[in-house]
Amino acid sequence: MEKLCAALNPQFPCREAVITTLGELVGDCNEAYPPAIYLFGHSGTGKTALTKSFLLQCQKQQNVHIAQLNAIECYSTKIMIENVLDALGMQQQTAENMLEFVEQLRSWHERDPRGGFLIAIDNAERLRDMDANVLPVLLRLQQLTSLNLCVLLLSQLPFEKYYNKTGLSEIITLHLGQYNKAETLRILSTDFDEVRQQLLLQQQQQDAQRLAICEKALTPDFYSNYLNLFLSVFYKACRDVPELRLTARKCFGIYMDPVLDGSVECTDVSRLWRHIAGPLRAALTQIYMRIEKPLGETEIEDQSVRKLAQSLELPYYGKYLLIAAFLASHNSAKQDKRLFVKNHGKQRKRMQTVNARAKNAEKMSTTLGPKSFSIDRLLAIFYAILDEKVGLTCNLLSQISTLVHLKLLGFVSGEQNIMDGSAKLQCTVGLEFVLYIGKVVGFNVRQYLCDFM
């Protein structure tokens with residue numbers, strides 16, 4: 001177990017406790033494995049990567065047979081069984097159903113009972129859509145086959161969502177929580193050597209003077225200061241580590257430009273912040289979108305956003321739900337009555353109100369970033385901006401989950417409590433994107449934004 005932990009801890013900082021727990025449970029094939037382990041947590045918390053590396057280390061250091069599969073790819077019971085048998089080295093064996101699958105594993109035990117078996121299934125919530133006996137059999141596979149076997153199930157849902165009328169076997173659950181700000185900073189800091197080497201190679205091809213400045217200025221402290229500025233903008237809107245890592249690398253070149261030109265000292269943090277603030281806010285509106293372009297070029301940005309908005313094939317009501325989500329994220333709830341109700345009464349113009357509306361570009365809500373809103377408020381705005389009358393159906397509610405799945409909306413809290421109204425969401429797309437969506441359906445978005453009134 002110590003060798004496993006020593007090999008994995010440097011690869012997965014801030015996950016030492018989970019690695020130690022996994023090592024204690026399935027770290028030694030000579031000891032009895034638990035029947036099943038359930039790992040759950042939000043996307044971007046390292047479930048899949050950690051489990052994959054853990055299984056490879058077990059296979060490398062011990063006599064363990066491993067199988068890794070994704071329940072999205074294995075959309076039927078037969079395909080899932082074939083993939084497991086192939087990964088375990090039983091290519092010659094075939095099985096049509098779970099009964100034959102168990103018999104094949106029993107025959108293995110009769111031939112060679114030594115060693116361990118680890119089977120990892122990602123997106124395990126899809127198992128609920130398969131045959132009714134698949135999930136119960138997997139949870140009791142060790143008992144049915146008499147092998148030292150453990151099934152690891154990975155999902156974003158808590159295990160309570162799997163219970164049915166017939167019940168399920170007890171299972172060990174491990175929760176991988178979202179990283180806090182300090183942990184995210186520590187994880188992103190591990191990329192320093194790779195980022196430094198990449199930047200030095202770029203400068204080596206351009207200019208010797210810029211290369212010398214880069215070697216002197218690019219220190220761990222300098223990169224850590226940049227990450228602190230980066231997370232001050234991005235951490236509230238996104239906690240998905242792969243997305244943050246990708247965007248941080250993308251913006252770091254812009255942060256380094258004035259230092260390499262010699263116009264700004266590497267220790268002048270305030271001037272560097274003024275230089276990077278605009279591009280960071282622009283990148284915030286494009287998180288999850290994968291738009292490959294220089295952040296400083298507005299024309300290319302508009303073309304990329306327009307192209308993405310035109311290629312996005314959303315249902316008609318889905319487009320209006322996205323517009324309603326953007327309006328809810330960038331308008332104050334106090335202004336909803338004035339914006340969306342026709343007879344909202346007269347409003348007195350006080351000097352204080354006039355001064356409050358005289359916002360500069362830095363204080364506009366569309367620039368500061370999205371705010372959270374409830375499902376009830378989203379639906380209220382949706383019905384206010386839609387001309388026709390539509391009933392509240394399951395199809396309409398499913399389109400909200402589709403927008404979340406496409407990363408156009410994101411959960412802030414209460415992901416498991418959508419129906420009771422306590423869930424909080426925020427819109428992750430920018431103004432330009434929503435303006436193009438509004439043009440497609442013939443809706444003037446600016447007319448309903450407080451920043452443009």
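**A walk through the predicted model**

Let's begin with helix H12, which covers residues 241–261. With 21 residues at 1.5 Å a residue, H12 should span 30 Å, and its end C-alpha atoms turn out to be 31 Å apart, so the expected and actual spans agree. Keep in mind that this is a predicted model. H12 also has a kink of about 25 degrees, and the kink is centred on cysteine 251. Just after H12 comes glycine 262, with a positive phi near 85 degrees.

Glycine 262 has company when it comes to positive phi. Serine 146 is not a glycine, yet its phi is positive at about 65 degrees. You'll find serine 146 in the loop that joins helix H7 (141–145) to strand E4 (149–155). Lysine 407 is another non-glycine with a positive phi of about 65 degrees, and lysine 407 lies in the loop between H20 and strand E7 (409–413). Its relative accessibility is 29%, so lysine 407 counts as partly exposed.

Now for the aromatic rings. A pair of aromatic rings is described by the distance of the centres and the angle of the planes. The structure holds 21 aromatic pairs. One of them joins phenylalanine 382 to tyrosine 383: the centres are 5.3 Å apart and the planes meet at 65 degrees, an edge-to-face arrangement. Are these two residues buried or exposed? Phenylalanine 382 has a relative accessible area of 0%, so it is buried, while tyrosine 383 is partly exposed at 32% relative accessibility. Phenylalanine 443 and tyrosine 448 make a stacked pair, because their ring centres are 5.2 Å apart and their planes are at 15 degrees. Phenylalanine 443 has a relative accessible area of 11%, so this residue is buried.

Ring pairs can also chain together. Phe192, Phe222, Tyr223, Tyr226, Phe230, Phe234, Phe252 and Tyr255 are linked that way into a cluster. Elsewhere a ring meets a charge: the charged end of arginine 128 sits over the ring of tyrosine 162, 5.4 Å from the ring's centre.

What about the nonpolar side chains? In soluble globular proteins, nonpolar side chains tend to be buried together. Here the largest nonpolar core has 41 residues, and Phe443 is among those with the most contacts inside it, along with Leu322, Ile323, Leu327, Ile385, Leu409 and Val445. The elements that give two or more residues to this core are helices H15 (316–330), H16 (336–340), H19 (375–385), H20 (394–405) and H21 (431–441), plus strand E8 (424–427). Which element supplies the largest share of this core? That is H15, with nine residues.

Leucine 327 shows what such a spot looks like up close. Leaving out residues up to four places away in sequence, leucine 327 touches Phe340, Arg377, Ile381, Ile385, Phe443, Val445, Tyr448 and Leu449. Both rings of the stacked pair, phenylalanine 443 and tyrosine 448, belong to residues on that contact list. Apart from the largest core there is another one, with 39 residues, including Val84, Leu85, Leu138 and Ile171.

One last stop is alanine 182, in helix H8 (residues 181–189). Alanine 182 has a relative accessibility of 56%, so it counts as exposed. Its C-alpha is 9.8 Å from that of leucine 231, although the two residues are 49 residues apart in sequence.

Note on methods
Residues numbered from 1 in each chain as written. Predicted model: local features only at pLDDT ≥ 70, side-chain atom pairs only at ≥ 80, totals over all residues. Heavy atoms only, no water. Helix = DSSP H or I, 4+ residues; strand = E, 2+ residues; numbered from the N terminus. Expected span 1.5 Å × (residues − 1). Bend = angle between axes of the 7 residues up to and from the residue. Phe/Tyr/Trp six-rings, centres within 6.5 Å; stacked < 30°, edge-to-face > 60°. Buried < 20%, exposed > 50% of the residue type's maximum accessible area, 1.4 Å probe, protein only. Lys NZ or Arg CZ within 6 Å of the ring centre and 35° of its normal. Core = buried A, V, L, I, M, F, W, Y, C linked by side-chain atoms within 4.5 Å. Contact = heavy atoms within 4.5 Å.
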